[in-house]
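Ready for a little helix geometry? Grab a pencil and work through the exercises below.

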Amino acid sequence: MKIAFTTTGKGWDAQVDTRFGRAIGFFIFSEESKIEYYVSNEQNMNAMGGAGVQSAQNIINLKIDALVTGNMGPRAFQILNSAGIKIYLAEENLTIKEAYEAFKKNELKEVANPNVAGHWV
Amino acid sequence: MKISVASGKGGTGKTTFAVNFSLFLNNIKKNKIVLVDLDVEEPDCHIFLKHKNFKRKKCFREIPKVNEKCNLCGKCSEICEFNAIAVTNTKVIIFPDLCHSCYACIEMCPQKAFDIENIEMGEIHWGNIASNNFYFVEGKLKIGEVMAVPMIRQTKNFSAERFGENSYFIFDSPPGTSCPVIEATKESDFVVLVTEPTPFGLHDLKLAVETMRKLRKKFGVVINKAGIGDQSVSEYCYNEKISILGEIPYSREIAELYSQGKNIINLPSINKIFEKIHKNILSLL
């Protein structure tokens with residue numbers, strides 16, 4: 001399974017970024033190949049609008065199976081849901097490592113609906 | 001002739017000025033006077049015109065609609081400057097409220113997989129007010145629609161087509177300094193910035209001045225509610241060599257008329273102030 005975490009920095013000890021659309025970056029980990037890497041999301045941090053849409057598109061383009069983030073708005077949810085990508089919510093102050101451990105133990109809540117409102121709707 | 005009335009800060013008296021200045025011009029000019037309310041999110045000039053039987057016309061904006069030629073290549077999502085399109089492995093998702101109707105996706109699609117869909121965004125209302133030579137047009141966005149610019153553009157184009165370029169247009173602009181204000185002022189010959197002599201008024205006036213300078217517009221300032229606040233707006237205009245076209249006093253009489261939805265141009269003292277403002281505008285054109 002290829003998992004993406006929204007992150008505030010690089011590596012396993014960085015904190016999960018609770019924002020999705022305007023997350024600082026994505027930490028990507030493939031369980032099969034054990035390959036891990038960081039993708040900057042700077043382009044969307046400064047987007048005028050539709051940051052969630054573009055971030056969701058990036059997650060799709062990265063061929064992610066599961067996403068761990070803090071919050072999810074309606075547009076991003078609609079896109080990721082349609083792409084069949086599973087979304088899990090991590091609490092604030094967790095490191096990527098802690099979030100991954102919680103994910104493995106099935107302790108993260110899977111999102112069935114957007115949990116925050118969009119900024120325009 | 002096109003004159004826009006803008007402000008930066010909301011609630012400074014744009015509408016009061018636009019309506020009364022239009023009525024003033026109607027008294028002294030032979031031209032057709034057309035007051036156009038371009039504050040399409042909250043048009044309120046009509047409150048002061050007491051006109052009931054407006055003609056109406058629905059307005060639409062065009063958004064892309066994907067057809068069966070789509071092969072989910074993702075090009076549209078890549079080029080959309082406004083993040084209004086996402087492409088998943090099963091479908092294209094379009095967000096109409098993010099779409100700026102720029103047509104880039106439609107033009108650039110390698111499969112020609114887009115048709116155009118019209119969505120209703122609002123209405124234009126218009127009518128002949130008070131005398132044969134005074135007309136009123138307003139654009140009004142539908143509730144839930146967030147794109148003011150296309151509504152403003154259509155209202156402006158409608159006014160020009162209907163009443164001819166030789167009319168005297170007064171555009172009541174939205175507050176702020178963002179895209180809607182730019183759309184409502186960019187083709188005007190002159191912009192009147194209405195402000196109030198308070199720290200808030202000054203703060204937003206500076207932003208409005210900056211915007212008008214970037215647009216290379218001729219502009220001047222009308223200080224409304226003169227007598228409240230402080231001298232900082234006058235000092236700022238003096239230092240920046242910005243012309244103060246006139247000052248409308250803060251008075252109970254004006255406030256009472258306003259609260260009853262009445263106009264102030266019939267007060268002799270106010271008529272005199274508008275005469276001076278008009279003269280000052282002419283000298284700057």
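Here are three exercises, each with a worked solution.

This is a predicted model, in which local features need pLDDT of at least 70, side-chain atom pairs count only at pLDDT 80 or more, and totals for chains, interfaces and linings use all residues. Residues are numbered from 1 along each chain as its sequence is written, and chains are lettered from A in the order in which they are written.

**Exercise 1.** Compare the span of α9(B) with the expected one.

*Solution.* Helices are DSSP runs (H or I, at least four residues), numbered from the N terminus. The expected span is 1.5 Å times one less than the number of residues. For the 17 residues of α9(B) that gives 24 Å, and the end C-alpha atoms lie 25 Å apart, which agrees.

**Exercise 2.** Find where the buried residues of α9(B) point.

*Solution.* Call a residue buried if 20 or more other C-beta atoms, placed from the backbone, lie within 10 Å of its own, exposed if 12 or fewer, and partly exposed in between. Buried here are Ile270(B), Ile273(B), Phe274(B), Ile277(B) and Ile281(B). Their directions from the helix axis to the C-beta atoms fall within an arc of 100°, so they line one face of the helix. On the other side, exposed residues include Lys272(B) and Lys279(B).

**Exercise 3.** How do the axes of α1(B) and α9(B) cross?

*Solution.* Fit lines to the C-alpha atoms over the stretch in contact, with angles from 0 to 180 degrees between N-to-C directions. The axes come within 10 Å and cross at roughly 85°. The helices are therefore roughly perpendicular (65 to 115 degrees).

Note on methods:
Helix = DSSP H or I, 4+ residues; strand = E, 2+ residues; numbered from the N terminus. Parallel < 35°, antiparallel > 145°, perpendicular 65-115°, else oblique.
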